[in-house]
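This report examines side-chain pairings and helix packing in a single protein chain. The sequence and structure are shown below.

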Amino acid sequence: MGDENEQRSNYSKNAIRQVPPSAYYIPNFISEDEEKEIIKKVNAAPLPKWTQLSHRRLQNWGGIPHPKGMIAEKIPDWLQKYVDKISNLGVFDVNTLPNHVLINEYLPNQGIMAHSDGPLFHPTVTTISCGSHTVLEFYKRINTDNVEKEAELEFSFFLEPRSLLILQNELYSNYLHSIAERKSDIITKCSIKNIDLCSNDYKEGQAIERETRLSLTIRHVPKTSKLKLKFGR
Ligand SMILES: O=C(O)CCC(=O)C(=O)O
């Protein structure tokens, strides 16, 4: 319990400076054993649990978010453990506790196009990385006369395996994020704004090969209902 209280009040020291509010980066949020357990469980899921997209595949746990609402499903205990660990940080308030986990799998050279997470979710997004680092890139949303223009890359975060990233407020609402399709990433300290919070000491210009990465995006879906099954009459 003491540990939990300590974690709750401590994440503010992990704020990423020099970027709009708010982003927090916690290295080694989970242990190597926990990381191995997550990878094992995700890979043990039956094939139909995966949704195959053209450039990556994913699993939804807790339900499938939909503009009309999400039919809530129980999150299995092995995964709920990490949802609780994040809830215990106090980043979500009691009415918006996380109830959904999206697991993305990226092979080296796979990524995700620039997007924002939008109104399906409460505007706090938390992501645990497993198996590999990646670089998450941010673009300011430019919206003139309702026309979305191509935005320029503003800054990026280096996400180490076992780390937790928390995004909220302006970074959630006014910025797009993406992961470039690359086999390796080059450390550029002027654009990677969380480099001082990382657990390793990276060198300027260092190239780091990507491996298979699983990201667990843990959030709150506001509109949910429970499916009532009727048996017989
Ligand atoms: O893999 C990540 O860290 C980002 C995932 C993401 O942006 C999403 O699924 O919307």
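## Glu-137 and its charged partners

Glu-137 counts as buried in this predicted model, with a relative accessibility of 9%. Its side chain meets that of Arg-182 in a salt bridge, with a separation of 3.3 Å from N to O. The two residues belong to distant parts of the chain, 45 residues apart: Glu-137 is in strand 8 (residues 134-140), and Arg-182 is in the loop between strand 13 (175-179) and strand 14 (184-186). Arg-182 has a relative accessibility of 31% and counts as partly exposed.

The pairing does not stand alone, for salt bridges with shared partners join Glu-137, Arg-182, Asp-185 and Arg-210 into one network.

## Other salt bridges

A search of the whole structure finds eleven salt bridges. Among them is the pair Glu-37 and Lys-81, whose closest N and O atoms are 3.5 Å apart. Glu-37 lies in helix 2 (residues 32-44) and Lys-81 in helix 3 (residues 77-87), so this salt bridge ties together parts that are 44 residues apart in sequence. Glu-37 is partly exposed, at a relative accessible area of 29%; Lys-81 is also partly exposed, at 39%.

A further salt bridge joins the side chains of Arg-57 and Glu-105, at 2.8 Å from N to O. This pair links strand 3 (residues 57-61), which holds Arg-57, to strand 5 (residues 100-106), which holds Glu-105, across 48 residues of the chain. Glu-105 is buried, with a relative accessible area of 8%.

## Aromatic pairs

The count of aromatic pairs comes to seven. One of them is formed by Tyr-11 and Tyr-24, whose ring centres are 4.9 Å apart and whose planes meet at 75°, an edge-to-face arrangement. Tyr-24 is in strand 1 (23-26), while Tyr-11 is in the loop between helix 1 (2-10) and that strand; the two are 13 residues apart. Both Tyr-11 and Tyr-24 are buried.

Phe-158 and Tyr-202 form a tilted pair, at 4.8 Å from centre to centre and with 55° between the planes. Phe-158 lies in strand 11 (residues 153-159) and Tyr-202 in the loop between strand 14 and strand 15 (207-209), so the pair ties together parts that are 44 residues apart in sequence. Phe-158 and Tyr-202 are likewise both buried. Elsewhere, ring pairs link Phe-138, Phe-155, Phe-157 and Tyr-175 into a cluster.

## Charges over rings and the surroundings of Lys-49

Two lysines have their charged ends over aromatic rings. The charged end of Lys-49 sits over the ring of Trp-61, 3.9 Å from its centre. That of Lys-85 sits over the ring of Phe-29, at 4.9 Å from the ring centre.

Lys-49 is found in the loop between helix 2 and strand 2 and, at 22% relative accessibility, counts as partly exposed. Leaving aside residues up to four places away in sequence, Lys-49 touches Leu-58, Gln-59, Asn-60 and Trp-61. Of these contacts, Gln-59 is ten residues from Lys-49 in sequence, with 6.0 Å between their C-alpha atoms.

## The two sides of helix 2

Helix 2 comprises 13 residues and reaches 18 Å from its first C-alpha to its last, close to the 18 Å expected at 1.5 Å a residue. Which residues of helix 2 are buried? Glu-34, Glu-35, Ile-38 and Val-42 are. These residues lie on the same side of helix 2, because they cover an arc of only 100° around its axis. In general, an α-helix has 3.6 residues a turn, so residues three or four places apart point the same way.

The opposite face, turned away from the buried side, carries the exposed residues Asp-33, Lys-36, Lys-40 and Ala-44. The buried residues of helix 2 pack against several elements: strand 2 (50-52), strand 3, helix 3, strand 5, strand 7 (124-130) and strand 16 (213-219). Helix 3 thus appears twice in the account of helix 2, since it packs against these buried residues and also holds Lys-81, the salt-bridge partner of Glu-37.

Note on methods
Residues numbered from 1 in each chain as written. Predicted model: local features only at pLDDT ≥ 70, side-chain atom pairs only at ≥ 80, totals over all residues. Heavy atoms only, no water. Salt bridge = Lys/Arg side-chain N within 4 Å of Asp/Glu carboxyl O. Helix = DSSP H or I, 4+ residues; strand = E, 2+ residues; numbered from the N terminus. Buried < 20%, exposed > 50% of the residue type's maximum accessible area, 1.4 Å probe, protein only. Phe/Tyr/Trp six-rings, centres within 6.5 Å; stacked < 30°, edge-to-face > 60°. Lys NZ or Arg CZ within 6 Å of the ring centre and 35° of its normal. Expected span 1.5 Å × (residues − 1). Arc of directions from axis to C-beta. Contact = heavy atoms within 4.5 Å.
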